[in-house]
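Subject: The structure we talked about

Hi,

Here is the structure I promised to send over. Have a look at it first, and then read on for what turned up in two of its sheets.

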Amino acid sequence: MINLISIFRQYLFFTLTLLLSITLRAQEAKLPTKWTIAATTAKVPFPDYPRPQLQRKDWLNLNGSWDYIGGKNASSAQAPKQAIEFPGRAEKIVVPYCPESFLSGIERKQEINMWYKREFEIPANWKGKRVIANFDGVDHNATIFVNGKLAGRHSGAYDAFGFDISTFLKNGSNTLIVAAYDPNDGKAPSGKNGPRGDYTFSSGIWQSVWLEPVANTYIEQIRITPDVENKRLILSAKATDGQIEATAFEGKKAVSQIKGAAGTRLFLPINQPRLWSPDDPFLYDLKIVLKDKNGKATDEIMSYFGMRDIRLGKVNGVVRPLLNGKFEMQVGLLDQGYWPDGILTAPTEEALKSDLEFTKNAGFNLIRKHMKTEPKRFYYLADKMGILVWQDMPAMWYQNEDTLKNRSVFRKELKAVMDDLYNSPSIISWVPFNENWGAFDVKEITAWVKKYDPSRLVNGNSGFNNNPGYQKPLGDPGNGDFVDTHIYIGPNGASQPDENRAASLGEYGGVGLFVRGHMWPVENNAYGYEPTISALTDRYVLLMQQVEQLMLYKGLSTAVYTQTTDVEHEINGLLTYDREVEKMDVKRVREINQAIIESGRTLGSAKKDNRLRK
């Protein structure tokens with residue numbers, strides 16, 4: 001009886017909490033997910049350390065409820081010189097969900113001028129430390145004020161940034177104000193949430209905000225590159241001064257150590273490296289200590305790395321991508337990362353993880369992260385699970401207007417995204433442009449990306465055979481590492497390799513299934529339709545059998561099916577938009593995917609061709 005009473009009380013508390021949450025929001029989710037309740041009742045969304053590649057012990061999470069001013073009457077947030085005054089009873093927004101989303105508590109159609117306010121206190125044990133305010137994603141122009149003083153500005157929606165706010169802090173309560181300006185006018189990278197994109201706009205803060213204490217001299221940034229051929233890790237750690245000591249661990253066992261000046265390239269030997277791959281996604285731990293001239297440690301961070309090599313080579317005379325010297329057929333999903341309750345932001349980390357787990361369990365070894373980036377923990381999960389990633393650059397739309405300015409913005413933000421995500425071993429290819437959207441100087445930018453990061457492959461203009469109606473097509477750049485077409489439904493008509501590039505089917509499929517009660521409330525469509533789960537699965541198996549024929553006899557090396565989940569008006573996902581219904585027989589999907597990957601491994605041994613590394 002006691003247990004029943006306890007259970008009833010817990011149920012009653014949970015129900016009242018949920019009702020209170022819904023009442024306070026005064027909205028109803030158009031299409032809730034299984035994580036919506038957890039997100040709306042969480043005191044601090046995304047409680048885990050946000051940056052696994054450069055991790056410290058002490059930090060303070062500022063996610064959660066903030067004061068908010070937005071809407072048509074909000075003061076301009078475009079590079080303001082001073083912060084505005086907040087009324088005593090301002091709206092409340094839940095960070096890090098964009099104000100267009102249900103989970104934010106605002107849910108307005110499009111915000112342009114946004115003001116956020118949060119009070120915080122510095123922990124007592126941070127005394128004598130510098131304090132960095134970290135912002136993992138603010139769309140698009142951010143101005144930061146601390147206690148009324150301007151702390152810094154940043155432009156760019158898709159890269160993390162931070163400011164030293166130490167000189168602005170005081171004892172007791174401090175005030176952080178963020179002004180975010182997002183015209184969403186297509187003149188900066190905005191992907192699918194821009195003026196010519198397909199989905200709900202998103203603006204403002206859309207990733208975590210947090211503080212961390214550091215010493216006067218600290219490790220500001222690290223850059224790590226696996227060099228399998230020479231059995232070493234190339235490492236640099238940026239700091240204003242000091243000596244670096246880096247130690248690699250295999251489990252708890254230290255396997256290598258190197259010392260050298262901060263800011264210089266260091267070469268950490270990794271003898272008999274255990275290679276990272278989808279079948280064995282082994283990660284080494286990495287400890288980096290910064291010491292001053294007296295040998296005293298001023299900073300210590302933990303990180304990780306995977307030893308893997310990705311390049312082109314020839315298999316039986318056919319140019320193919322080689323992972324660790326072997327051809328691995330890349331069987332992937334187009335992953336747009338949209339959510340009905342959080343828009344660009346997953347409701348919880350468990351939700352974020354679930355998409356990756358589904359992809360892995362369904363036998364895919366690749367995702368193409370399409371037109372957006374994700375929080376650092378997404379790439380950490382992909383690294384841990386062993387999922388290859390193609391990373392798109394979110395498109396801009398009006399590259400031919402005010403070209404000197406707009407094109408410079410794209411180039412700057414492309415470099416920032418590459419720098420921000422550089423250390424993740426799962427990312428094996430950059431995709432600067434998609435289907436000519438906002439494309440310009442494609443050949444030159446493809447060459448620049450390849451030169452800037454020679455450790456990865458580059459797909460300069462995925463789906464160069466397609467084109468938006470508002471501009472002339474630029475087509476195949478002729479360089480980079482892939483000849484890439486998009487064929488719907490396909491896969492017949494896919495590109496074939498040439499002497500210097502592998503063949504990729506960057507998008508195909510897109511076959512839809514209506515699932516009543518699990519669709520976004522708009523007219524839904526797809527490239528083709530099947531009436532049942534069984535029929536859709538049969539269709540997928542048939543398409544993959546055709547993919548195998550193209551792999552064996554036409555040189556195809558990558559096939560990216562559209563798509564992981566339904567997205568607003570699109571119903572061509574393997575999962576419904578709310579992730580509640582699997583629209584195919586996942587066991588059969590896994591069987592055919594794995595059979596084709598194994599079939600690719602029988603094609604023969606790879607032959608290195610140094611010409612293909614250029």
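Let me start with the parallel sheet. In this predicted model, 8 strands form an open sheet with parallel pairing, in the order 28-26-25-24-23-34-31-30. Its edges are strand 28 (457–458) and strand 30 (482–487); each has a single partner strand, so one side of each is left without a neighbour in the sheet.

If you go to the strand 30 edge, you will find that strand 30 pairs with strand 31 in the parallel sense, over 6 bridges. Across this pairing, Asp484 stands opposite Ser504 in strand 31. The strand that holds Ser504 covers residues 502–509.

Ser504 is worth a click in your viewer. Is Ser504 buried or exposed? Its relative accessible area is 0%, so Ser504 counts as buried, the cut-off for that being under 20%. The side chain of Ser504 also makes a polar contact of 2.8 Å with the side chain of Asp484, the residue that stands opposite Ser504. What else does Ser504 touch, leaving aside its neighbours within four places in sequence? Its contacts are Trp390, Phe482, Val483, Asp484, Thr485, Ser495, Leu556 and Thr558.

Now for the antiparallel sheet. Here 4 strands form an open sheet in the order 16-15-18-19, and the pairing is antiparallel. Strand 16 (253–261) and strand 19 stand at the edges with a single partner strand each, which means that one side of each has no neighbour in the sheet. On average, neighbouring strands of this sheet are turned by 20 degrees against each other, direction ignored.

Two of the pairings are easy to trace residue by residue:

- Strand 15 (residues 243–250) and strand 18 (residues 284–291) run antiparallel and are joined by 7 bridges. Phe249 has Asp285 of strand 18 as its bridge partner, while Ile244 stands opposite Leu290 in strand 18.
- Strand 18 and strand 19 (residues 297–305) also run antiparallel, with 8 bridges between them. Leu290 has its bridge partner in strand 19, namely Asp299.

Leu290 therefore makes a handy landmark, with Ile244 opposite it on one strand and Asp299 as its bridge partner in strand 19. One last spot to look at is the hairpin of strand 18 and strand 19, which has 5 residues between the strands. Within this hairpin, Gly295 takes a positive phi near 85 degrees.

Happy browsing, and best wishes!

Key:
Residues numbered from 1 in each chain as written. Predicted model: local features only at pLDDT ≥ 70, side-chain atom pairs only at ≥ 80, totals over all residues. Heavy atoms only, no water. Helix = DSSP H or I, 4+ residues; strand = E, 2+ residues; numbered from the N terminus. Buried < 20%, exposed > 50% of the residue type's maximum accessible area, 1.4 Å probe, protein only. Polar contact = N/O pair within 3.5 Å; in protein donor to acceptor, adjacent residues only side chain to side chain. Contact = heavy atoms within 4.5 Å. Pairing = 2+ DSSP bridges. Axes fitted to C-alpha atoms, helices over the stretch in contact; angles between N-to-C directions.
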